[in-house]
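Please open the model in your viewer and keep the sequence at hand. The tour below proposes a series of selections and states what is found at each.

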Amino acid sequence: MRAHSWVVGTLASLATMAASSAVPPSRPAASLGAPAAGRPLLHLAGTRSLQQRESGSTRKLDSALADLSGHLAQVRADHVIEDLYALNPAARFWQRSAAEGPLVLVDAVTTGDPKKLKSALVSLGMQHAVLYSNDVGGWLPLSQLSNAAARAEVHSIRASMSRTRAGAVTSQGDFAQNSAALRSTYSTLNGTGVTVGIMSDSYDCYAVYAEPSSNVPASGPTGYAPNGFTATAATDVSTGDLPSSVTLVSTTLSGTTDAGEFPCLNYGKPMQTPFSDEGRAMMQVVHDVAPGASLAFHSAEYSEADFAAGVAALAAAGATVIADDVGYFDEPIYQDGIIAQAIDTVEGKGVAYFSAAGNSADHAWESTSPSFPVVSNTAPTTGEHLLNFDTTGATTKTTLSVDIPGLQQGELMAIILQWDQPYVTGAPDSGG
């Protein structure tokens with residue numbers, strides 16, 4: 001068993017900050033042109049124009065969606081998904097057929113009645129609409145972004161951009177933590193009577209990719225199994241790596257199901273690599289440690305609202321232990337967002353919850369007393385107050401250098417900005 005990590009992050013805009021980026025907006029791949037020989041091409045996604053920030057409706061869109069809406073006219077009719085991923089490689093897009101327009105995965109927030117928000121978005125064509133707290137997540141037609149932002153029920157809309165925190169090593173955890181030795185001494189301590197719920201990207205997409213008609217390679221940088229582990233769920237059952245029955249749990253709170261509703265081939269080709277069946281990989285680890293435990297799976301890839309509802313759905317299905325390895329870029333750092341709130345709720349009912357938090361070490365900049373001493377006199381930030389990145393205040397430094405490591409296809413670098421002020425997500429009365 002080995003997980004295949006496929007996304008590192010996204011280049012999100014710092015446009016909400018007064019120290020705005022001076023990098024021009026992104027363009028579809030067709031108009032980028034080839035880089036000079038030996039020169040890598042770095043693509044920045046998620047910039048917002050001053051006009052968009054000042055507009056009453058478009059400023060409801062986060063920087064990723066604002067960037068997309070500003071460049072939709074440049075998307076080629078015969079390369080829709082390819083061009084959309086060129087505009088933002090970390091957002092999630094889906095086009096069911098050439099006759100239908102593309103959809104983008106979003107989370108929308110309201111300070112009013114969440115049920116009215118859901119109804120309004122469904123009337124605009126949202127698919128797989130899931131409600132949790134004051135947040136509605138789902139697939140919204142890109143052509144309806146402006147109309148959605150103009151609805152009175154909508155406080156803000158953001159692109160749902162997730163990433164798995166997966167390892168790249170065959171598990172030796174059962175041996176390392178001595179659980180194998182424990183079971184040999186106490187044979188009844190094998191998980192019998194316990195249901196473990198898993199939340200990750202996918203469960204059995206390998207079986208879809210293995211079909212000759214999928215046109216998804218198994219090996220190479222764009223392959224679904226470059227590590228050589230091509231086993232499907234059925235193979236795992238036959239070899240004893242998984243039990244014979246794994247429950248695929250639906251988001252019962254919304255009346256919709258995750259099982260087969262969105263095809264595994266909808267992963268963002270050619271800009272992103274295929275789904276990794278990381279959920280199945282996690283289950284293999286659990287089955288090694290607790291071979292008697294029942295296993296249940298719910299995807300964590302279809303919006304933050306769906307993730308939060310999935311936590312509740314797994315608990316309702318009997319899971320008393322739940323683990324995930326997925327995070328969303330805009331989950332609040334300084335407060336509990338809706339996913340953390342859902343976890344708190346099931347934990348209060350006795351569920352043990354474990355999350356792969358990841359480790360970004362000291363790859364961050366932080367200030368407890370930000371200051372904005374300089375007014376910009378150059379476009380595109382003319383008239384804006386720029387942040388001083390020198391936290392000592394001894395000098396004035398309005399830029400911050402960032403070292404970008406070598407990236408492979410499907411990998412991205414995340415730049416995330418948050419303030420220690422209230423989010424409206426999950427707290428409609430916060431005033432945030």
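**Strand β2 and its partners**

Begin by selecting Trp-94 together with Leu-103 of β2, which is its bridge partner. The model on display is a predicted one. Next, show the whole of β1 and β2: these strands run antiparallel and are joined by two bridges.

Now add β4. It pairs with β2 in the antiparallel sense, over seven bridges. To locate one of the paired positions, select Val-104, whose bridge partner in β4 is Leu-140. Then add β5, which is also antiparallel to β2 and pairs with β2 over four bridges. Here Asp-107 stands opposite Arg-158 of β5.

Are the residues of β2 buried or exposed? Seven of its seven residues are buried. In a regular strand, side chains alternate between the two faces of the sheet. Colour Leu-103, Leu-105, Asp-107 and Val-109 for one side of β2, and Val-104, Val-106 and Ala-108 for the other; both faces are covered.

**Helix α2**

Proceed to helix α2, residues 63–71, where seven of the nine residues are buried. Select Ser-63, Ala-64, Leu-65, Ala-66, Asp-67, Leu-68 and His-71 to display these buried residues. Against which elements do the buried residues of α2 pack? They pack against α1 (50–54), α3 (80–87), β1 (93–94), β2 (103–109), α5 (145–150) and β5 (156–159).

**The nonpolar cores**

Select Leu-65 again, this time with Leu-84, Phe-93, Leu-121 and Ile-157: of the 34 residues in the largest nonpolar core, these touch the most other members. At least two residues of this core come from each of α2, α3, β2, α4 (114–123), β4 (135–141), α5 and β5. The largest share, five residues, is supplied by α3.

Centre the view on Leu-121. Leaving aside residues up to four places away in sequence, Leu-121 touches Ala-108, Met-126, Val-136, Leu-140, Ala-148 and Val-154. A second core, separate and made up of 24 residues, can then be sampled by selecting Val-130, Tyr-132, Ala-300 and Ile-339, which are among its members.

**A nonpolar patch on the surface**

Finally, turn to the surface and select Leu-42, Trp-365, Leu-400, Val-402, Ile-404 and Leu-407. Together these residues form a nonpolar patch with about 500 Å² of accessible area. Val-402 lies in the segment after β14 (385–386). Why does Val-402 count as partly exposed? The reason is its relative accessibility of 45%, since partly exposed residues fall between the cut-offs of 20% and 50%.

Conventions
Residues are numbered from 1 along each chain as its sequence is written. This is a predicted model: local features need pLDDT of at least 70, side-chain atom pairs count only at pLDDT 80 or more; totals for chains, interfaces and linings use all residues. Side-chain values use heavy atoms; hydrogens and water are left out. Patches are made of residues with over 30% relative accessible area and no salt bridge: like charges are joined within 9 Å, nonpolar side chains (Val, Leu, Ile, Met, Phe, Trp, Tyr) within 5 Å. Accessible areas come from the Shrake-Rupley method with a 1.4 Å probe; for residues, only the protein chains shown count as cover. A salt bridge is a side-chain nitrogen of Lys or Arg within 4 Å of a carboxyl oxygen of Asp or Glu. Buried means under 20% relative accessible area, exposed over 50%, partly exposed in between (1.4 Å probe, protein chains only). Contact means heavy atoms within 4.5 Å. A nonpolar core is a set of buried Ala, Val, Leu, Ile, Met, Phe, Trp, Tyr and Cys residues joined through side-chain atoms within 4.5 Å. Two strands pair if DSSP finds at least two bridges between them.
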